[in-house]
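Let us walk through this structure step by step, beginning with the way its parts are arranged and ending with some finer details.

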Number of protein chains: 2
Amino acid sequence: MGSSSPPWVRAETVDIAVDGQRIEGALVAPSGRRDEAPGVLLVHGWSGTPAGYLDEAHALAAALGCICLTFDLRGHGESEAQRETLTREDNMRDVMAAYDVLAGQQGVQKACIALVGSSYGAYLGALLTYMRPVHLIALRAPALYTDDHWEMPKRKLRVDRESAAYRRRSLRAEQNRALGACAQFLGDALVVESARDEVVPHPVVANYIAALANAHSLTYRVIEGADHALSQEPWERAYIELLVSWLSEMIRDGAGPAGAH
Amino acid sequence: MGSSSPPWVRAETVDIAVDGQRIEGALVAPSGRRDEAPGVLLVHGWSGTPAGYLDEAHALAAALGCICLTFDLRGHGESEAQRETLTREDNMRDVMAAYDVLAGQQGVQKACIALVGSSYGAYLGALLTYMRPVHLIALRAPALYTDDHWEMPKRKLRVDRESAAYRRRSLRAEQNRALGACAQFLGDALVVESARDEVVPHPVVANYIAALANAHSLTYRVIEGADHALSQEPWERAYIELLVSWLSEMIRDGAGPAGAH
């Protein structure tokens with residue numbers, strides 16, 4: 001879809017400075033825009049690549065005029081060598097640094113910044129709401145980890161035997177910091193589940209939904225037949241359609257004075 | 001809107017038999033239909049009247065071809081004299097009897113029956129999912145009552161001092177039978193809150209949302225500025241728009257093989 005987006009949508013490379021390093025981002029936005037537009041930060045999963053979010057960025061820029069930033073979490077792309085040692089704390093700082101680059105772009109509407117994340121990126125995105133103003137949050141197949149071992153390399157968490165059991169548990173917001181972040185989130189939320197997710201089982205998604213009970217609005221949808229990575233093209237297309245229609249409704253209604261949100 | 005709906009939408013009066021009595025219902029549907037269509041049961045609140053749901057019924061029949069039934073809960077309309085003594089159990093039987101009349105109508109798609117309820121009607125509607133197959137549920141400003149005193153006259157519950165405190169509590173699904181019904185509901189759910197609801201405070205709505213974490217999809221929206229009864233016309237119009245667009249999405253996607261729900 002990136003290549004099929006209209007000619008007035010442009011992608012440019014940006015550098016994001018974090019901890020003395022630079023990670024690469026792609027800023028996708030309509031060219032020649034004049035009015036302010038919503039900003040969208042897209043955060044891929046642990047096994048993902050920013051290229052996997054380029055289609056979404058192009059779709060949101062083309063359909064809604066959003067200014068979108070997708071970027072490499074450390075441990076991916078050029079910094080893959082660090083993969084063995086990176087912690088959640090490191091990647092959290094990546095997300096904050098990327099947010100700051102996006103929020104600092106000319107034309108980004110400061111009161112309308114959306115976080116779109118998948119899997120590990122959705123988990124980090126939920127935590128970002130503690131640290132930065134986020135008005136809309138879209139969590140696809142959100143991962144969940146115990147609060148313990150925050151400074152342990154992320155790679156080790158993934159193979160931890162306890163984590164599979166943890167993801168079967170019904171957890172209250174106060175039992176997990178990402179769920180706690182959701183419980184205090186007052187903006188608009190989208191949660192998307194893959195019907196055949198082999199990594200994130202339904203109880204994790206149910207925990208996120210229950211925690212989001214104070215959001216201004218909540219939209220939860222399932223992509224039928226889909227696996228965790230949305231490995232087939234119709235699944236990714238269904239996800240992009242959901243993203244565009246949800247964000248379109250939210251942006252439109254947010255502007256109305258007494259409309260339904 | 002009832003009077004402004006297209007000429008091919010017809011309303012007819014039906015009798016609903018319950019406990020040796022008859023309550024009056026209005027069946028609103030496209031005339032001359034051939035294919036099967038979703039059925040929608042609309043349940044008003046304790047102070048409501050079925051006339052208050054006629055506009056919604058006409059809108060759903062006109063926009064989506066649904067077969068809609070709205071009716072008098074006992075204690076309303078012609079049976080107002082019983083108001084002092086009626087219990088939740090009585091009104092629950094009204095809702096089941098009305099469901100059976102709707103489900104028995106020719107042309108109603110048995111695999112696609114929606115419950116639309118407001119306030120007390122939403123509470124009864126949640127409980128109906130224990131008793132009858134309900135595939136879609138729309139809860140507007142859903143009321144919540146303690147499980148105790150099930151056979152106490154409903155009118156007394158309303159003035160019970162404890163109920164205001166109860167509606168401020170964060171409750172788990174296993175602590176309330178209506179929330180428990182939501183927790184086992186696997187269909188599609190819409191929850192609509194009035195931003196300035198003077199009867200149902202936000203914690204009640206949050207309890208319903210959290211309980212609905214196992215629904216196939218969940219859509220939660222707030223009508224800005226609105227009071228509990230949607231006493232101003234733009235608020236009711238916003239609600240009708242929400243109902244129509246939600247049900248339209250659900251019916252459309254339910255038909256697709258691998259689409260997003």
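In this predicted model, the residue of chain A that comes closest to the rotation axis is Ala210(A), whose C-alpha atom lies at 1.9 Å from that axis. The axis itself comes from comparing the two chains: a turn of 180°, with a shift of 0.0 Å along the axis, lays chain A on chain B with an RMSD of 0.0 Å. The two copies are therefore related as by a two-fold rotation axis. Both copies use the same surface, since 100% of the contact residues of chain A recur in chain B.

How many residues of chain A are in contact with chain B? There are 26 of them, and they are in contact with 26 residues of chain B. Between them, chain A and chain B bury about 2100 Å², and 50% of this area is on carbon and sulfur atoms.

We can now turn to the individual links across this interface. Side chains of opposite charge can pair when their charged atoms come close. Between chain A and chain B the count is two salt bridges, and in a salt bridge the side chain of Glu249(A) meets that of Arg221(B), with a distance of 2.7 Å from N to O. Polar contacts are also found between the chains, where 14 residue pairs are counted, both residues of each pair being at pLDDT 80 or more.

Which elements of chain A supply at least two residues each to the side that touches chain B? They are α7 (202-211), β8 (217-223) and α8 (233-255). The largest share of that side, seven residues, comes from β8(A). Sorted by class, the side of chain A that touches chain B has 15 nonpolar, seven polar and four charged residues.

The strand β8(A) also pairs with its counterpart in the other chain, strand β8 (residues 217-223) of chain B, in the antiparallel sense and over three bridges. Within this pairing, Leu218(A) has Tyr220(B) as its bridge partner in β8(B).

Away from this pairing of strands, the model also offers links within a single chain. Over all chains, the count of salt bridges comes to 22. One salt bridge joins Arg93(A) and Asp19(A), whose closest N and O atoms are 3.0 Å apart. This pair links distant parts of the chain, 74 residues apart, with Arg93(A) in helix α2 (residues 88-103) and Asp19(A) in the loop between β1 (9-18) and β2 (21-30) of chain A.

A last example lies in chain B, where Thr146(B) is found in the loop between β6 (136-140) and α4 (154-159). The side chain of Thr146(B) reaches the backbone nitrogen of Asp148(B) at 3.1 Å. When residues up to four places away in sequence are not counted, Thr146(B) touches Arg88(B), Tyr166(B) and Asn176(B).

Terms used. Residues numbered from 1 in each chain as written. Chains lettered and ligands numbered in written order. Predicted model: local features only at pLDDT ≥ 70, side-chain atom pairs only at ≥ 80, totals over all residues. Heavy atoms only, no water. Least-squares fit on C-alpha atoms with pLDDT ≥ 70 in both. Contact = heavy atoms within 4.5 Å. Buried area = accessible area lost by both parts, 1.4 Å probe. Salt bridge = Lys/Arg side-chain N within 4 Å of Asp/Glu carboxyl O. Polar contact = N/O pair within 3.5 Å; in protein donor to acceptor, adjacent residues only side chain to side chain. Helix = DSSP H or I, 4+ residues; strand = E, 2+ residues; numbered from the N terminus. Nonpolar A, V, L, I, M, F, W, Y, C, P; charged D, E, K, R; others polar. Pairing = 2+ DSSP bridges.
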